[in-house]
Amino acid sequence: MRRACLLGSTLVTFSAASSAEAAPFRFETVVNNADLIPGTSRLFNAYNPPSINGSGLVVFRARGRGGSGGQPPTGIFTRDLLDSASPRPIFAIASRGGLVPAPNNTGATFTEFPSFPRIDLNASTTVAFRGQSSPVWQSPDGSLGTSGIYSNPQGSLITGASQLGALATFNYFSVPSSTGPTGLKFDQFPGAPSVTDNTVVFKGNWTDAQGVGRTGVYFRDLVAEGGVAPVRLIADSNTPIPGDVQNRNFGSTAPPSAALNKAVFLGVDNEEAPSAGGIYLSSLLGNPTSLTSLASIGGLTNLTDTGGLTNIGEVLSFNGRSVAYWGAWGSETITQQVSCAGSGNEARLQYCQEQSEKPETGGVGNGNFQFEIPLHQGIFVTDIASKLTRLIASTGEQFSSFLSWNFSGRPPGVGEGGDEEGDQELARWRSSSFLALDEDSLAFKGVDLGTVDGMDDVFKEVMSGLYAAETDGTPDIRTIVETGMDGGLIDPEAAGIPIVAVGIERDGFRNGRIAFAASMALEGETEEDSLSWAGVYVAGEPQGPVSPVPGPLPVLGVGSAFAVARRIRRRIRLSS
């Protein structure tokens, strides 16, 4: 693993759950609840997992409380950690209420940013993010354009993809086919767009001339042809799945990841029960529709013991040379119980509670849901040149699962862009893996499950954490941070408050720096006695020998001991 020393940071050491040796990490605060949102008098209080480039520029989505009209201040922000001995200010790239870049003849402003932002792998400051807004264009046919993809390849914010492609003036934004623009508009851009050099790569949903919903993966060079280069096709619902003997087309595509002018994406025949498809590589500078298979449903039989992969996760972390992803195999499952959150968007919380009373949604009442998850799961890394794949971590002795659950989307009666997610889909439970790939190292989120009281065959999350491993040899999995640890280990201002949640995204590990979000909470007898804290942090491994922070770490010691005991009990139950 390459090592990057982050100067002026809080240095702590602790014992990894999977290693007998200390795993030193140096933690630095990027932003926390003590920081003011730029241009406001309000403090930050909630954060999505961030992205980071190779030189230490962090980009993140965050919000505060209150705000005009009851809408909390929200935006896309950056902070440069290149010289952490002299902290740089936090900058707002885009904020709720800020003007949407051209084309915009209505004075439209941003209303929400539905997904986390991403940043180019190299030292470039180019970012890409999705934004919701009021309609950006008034035409004879009415008001158009409430969703788009935005970027800053030359410093100023510009529109990378838009819903205006049906207008002749903006034909370069239209849905492309294998022969060029179709004149059809995109309906939505699900997920988080990726960026490489001056190019945004994204998933787009659209409706064909017969009224049938379609989906695909696309890209657009933002500076070529004077800034009006058309959107180009990688693959869509009309693309045959490479190598499929039944000649099926892609029925589902997932948001892509891009680096070094290449892109990878997951495409399958059926999202709910895939039987064909996998992960594919596209060269954006060559023939982008010529796809190379990197992993496939039914593949990797040499690394699994039950006939190959039965499912592959949508989340792909890509460094231009290798791709990391989640996969499952076998037919065995276990039952996991998840519960509605205790705070957040009130309309979504109420809808979650209502859905929990409906068995067809997995609800079992009182805000609880039960879902079947694969017993056999793993985190894989595939080299795109050699096609060599390594299994970095799997469920069993140390981890119960690599899936985290989130109830997200649009509550009923709330229009597009009117909630935190700004998503057209109704709110529902979604599960996802979280991982980030550096040049020869990987960081990922692992979950430990324990039984639900009174139900020995139903499990719930009792601990989760972020872990790191090298990818070019035998993995030595080490703990970065786990729930239950004292928040003071990563943020001095959170001392004494246990960590309750951690998150990392696919562009969160670059040049030895691991960027992540964390929340801390301590419930008191009354609301006034309760404590909470959150922020975005970067972990890096210091060069040379380090000394541990003096004094005991009781939360870590007890938590790790309980975790080991839980894992032993779980293995006994699953094998009986």
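R61, R96 and E112 are linked in a network of salt bridges, a salt bridge being a side-chain nitrogen of Lys or Arg within 4 Å of a carboxyl oxygen of Asp or Glu. The model is predicted, with local features needing pLDDT of at least 70 and side-chain atom pairs counting only at pLDDT 80 or more, while totals for chains, interfaces and linings use all residues. Residues are numbered from 1 along each chain as its sequence is written, and side-chain values use heavy atoms, with hydrogens and water left out.

## Salt bridges

Under the rule just given, the count comes to 10 salt bridges. Three pairs are set out below, each with its N to O distance.

| Pair | N to O distance |
|---|---|
| K185 and D187 | 3.1 Å |
| D269 and R248 | 3.3 Å |
| E505 and R506 | 3.2 Å |

The pair of D269 and R248 ties together parts that are 21 residues apart in sequence, because D269 lies in the loop between β24 and β25 (277-283) and R248 in the loop between β21 and β22. The strands named here are DSSP runs of E with at least two residues, numbered from the N terminus, as helices are runs of H or I with at least four.

Burial is assigned from relative accessible area, where buried means under 20%, exposed over 50% and partly exposed in between, with a 1.4 Å probe and protein chains only. The underlying areas come from the Shrake-Rupley method with a 1.4 Å probe, and for residues only the protein chains shown count as cover. D269 counts as buried at 17% relative accessibility, whereas its partner R248 is partly exposed, with a relative accessible area of 22%. In the pair of K185 and D187, K185 is partly exposed at 35%, and D187 is likewise partly exposed at 21%. For the bridge between E505 and R506, E505 counts as buried at 8% relative accessibility, and R506 is buried as well, with a relative accessible area of 10%.

## Aromatic pairs

A search of the whole structure finds 35 aromatic pairs. Rings of Phe, Tyr and Trp (its six-membered ring) pair if their centres lie within 6.5 Å, and planes under 30 degrees apart count as stacked, over 60 as edge-to-face and the rest as tilted.

With ring centres 5.9 Å apart and planes at 70°, F250 and F265 form an edge-to-face pair. Since F250 lies in the loop between β21 (232-236) and β22 (252-253) and F265 in strand β24 (residues 262-268), the pair ties together parts that are 15 residues apart in sequence. F250 counts as buried at 2% relative accessibility, and F265 is buried with a relative accessible area of 1%.

The aromatic pair of F516 and Y537 is tilted, at 6.0 Å centre to centre and 40° between the planes. This pair links distant parts of the chain, with F516 in strand β41 and Y537 in strand β42, 21 residues apart. F516 is buried, with a relative accessible area of 0%, and Y537 also counts as buried at 0%.

Elsewhere, ring pairs link Y351, F369, F371, W405, F407 and W429 into a cluster.

## Strands β39 to β42 and the charged loop

I499 is found in strand β39 (residues 499-503) and is buried, with a relative accessible area of 1%. I499 and L522 are 23 residues apart in sequence and 8.8 Å apart in space, C-alpha to C-alpha.

E527 lies in the loop between β41 (513-522) and β42 (531-540) and counts as exposed at 72% relative accessibility. E525, E527, E528 and D529 gather in a patch of negative charge on the surface. Patches are made of residues with over 30% relative accessible area and no salt bridge, like charges being joined within 9 Å and nonpolar side chains (Val, Leu, Ile, Met, Phe, Trp, Tyr) within 5 Å.

## Backbone features

A cis peptide bond, with omega about 0°, joins A102 and P103, and P103 is found in the loop between β7 (91-95) and β8 (110-112).

Although E225 is not a glycine, this residue has a positive phi of about 55°. E225 lies in the loop between β20 (213-221) and β21 and is exposed, with a relative accessible area of 58%. N247, also not a glycine, has a positive phi of about 55°. The place of N247 is in the loop between β21 and β22, and N247 counts as exposed at 63% relative accessibility.

Methods:
Lys and Arg count as positive and Asp and Glu as negative; His and the chain ends are not counted. The place of a charge is taken as NZ of Lys, CZ of Arg, CG of Asp or CD of Glu.
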